Amino acid sequence: MRDLASIPVVLMAFFAILNPIGNLPVFISLTASDDDKVSHAVARKALTIATIIVILFTFGGKEIFTLFGIDLAALRSIGGIIIAIIGYDMLKGKSSSLQHNVDPKHPNLEQEMSVAITPLAMPILAGPGTIATAMNLANRYNPLIVAFSFILLALLTYFLFVYGEIIVKKLGENMLAVITRLMGLILAVIGTDMLFAGLKAAFKILN
């Protein structure tokens, strides 16, 4: 029951870092020349790849970092810093280069599906911030809940991408900007909390 109670917290953390509403204009730009069938396929492929990456680091991230001799406290600390910086950039109304730094235009139709891998899946959807968030959440909550929450959010994001143009028209640019800043504030707080948790783990004297 305790695990189920953590779902809203995990979902909110992922929603803030993934920022599907804020990324709608990017997706629309990347698939502007595609018909509905192709754009839907791009969304499915991108979200599937991003989900696989997040699940991999949710369940195996600790082992991957142990293999390279990276301490989990260090991950929590640097992850908190990364997430806080991304949140700060979003709070100022811009996309962080730590999460993605891409040109939303592709030159020809041959790249229709390739954009699903790069830049959509990596690094827009499953960038350093998302991976760090997944690993930190898995360390704090049940990894199954973390994976399940991201899958739920991936399904919601697919729906948002599929109906992106309609949603953007309904919300308007001003509302999108407000949502992005709100997600940025939440991310900055989450990142700061992760940083403090990492420092407490690294320096027991702070506990």
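1. Rings of Phe, Tyr and Trp (its six-membered ring) are taken as a pair if their centres lie within 6.5 Å, and by this rule the count in the structure, which is a predicted model, comes to three aromatic pairs.

2. The rings of F14 and F150 have centres 5.1 Å apart and planes at 75°, and because an angle over 60 degrees counts as edge-to-face, the pair is assigned to that class. This pair links distant parts of the chain, with F14 in helix α2 (residues 7–18) and F150 in helix α8 (residues 143–162), 136 residues apart. Both partners fall on the buried side of the 20% cut-off, since F14 has a relative accessibility of 0% and F150 one of 2%.

3. A further aromatic pair is formed by F159 and Y163, and here the geometry is tilted, with 4.9 Å from centre to centre and 50° between the planes. As to solvent exposure, F159 is partly exposed, at a relative accessible area of 46%, and Y163 likewise counts as partly exposed, at 41% relative accessibility.

4. The largest nonpolar core holds 50 residues, and the members that touch the most other members are F14, V42, L120, L125 and L187. The elements that give two or more residues to this core are α2, α3 (24–30), α4 (36–67), α5 (72–91), α6 (117–125), α7 (128–140), α8 and α9 (164–202). Among these elements, α4 gives the most, with 10 residues. F14 thus appears in two places in this note, as a ring partner of F150 and as one of the core residues that touch the most other members.

5. For L120, the contacts can be listed in detail: leaving aside residues up to four places away in sequence, L120 touches F27, L30, V42, A46, V115 and L125. Two of these partners, V42 and L125, are themselves named with L120 among the core residues that touch the most other members.

6. Side chains of opposite charge can pair when their charged atoms come close. The structure holds one salt bridge, which joins R140 and D193, with the closest N and O atoms 3.0 Å apart. The two residues lie in distant parts of the chain, R140 in helix α7 and D193 in helix α9, with their positions 53 residues apart in the numbering. Neither end is classed as buried, for R140 counts as partly exposed at 39% relative accessibility, and D193 counts as partly exposed at 38%.

Technical notes: Residues are numbered from 1 along each chain as its sequence is written. This is a predicted model: local features need pLDDT of at least 70, side-chain atom pairs count only at pLDDT 80 or more; totals for chains, interfaces and linings use all residues. Side-chain values use heavy atoms; hydrogens and water are left out. Rings of Phe, Tyr and Trp (its six-membered ring) pair if their centres lie within 6.5 Å; planes under 30 degrees apart count as stacked, over 60 as edge-to-face and the rest as tilted. Helices (H or I, at least four residues) and strands (E, at least two) are DSSP runs, numbered from the N terminus. Buried means under 20% relative accessible area, exposed over 50%, partly exposed in between (1.4 Å probe, protein chains only). A nonpolar core is a set of buried Ala, Val, Leu, Ile, Met, Phe, Trp, Tyr and Cys residues joined through side-chain atoms within 4.5 Å. Contact means heavy atoms within 4.5 Å. A salt bridge is a side-chain nitrogen of Lys or Arg within 4 Å of a carboxyl oxygen of Asp or Glu.
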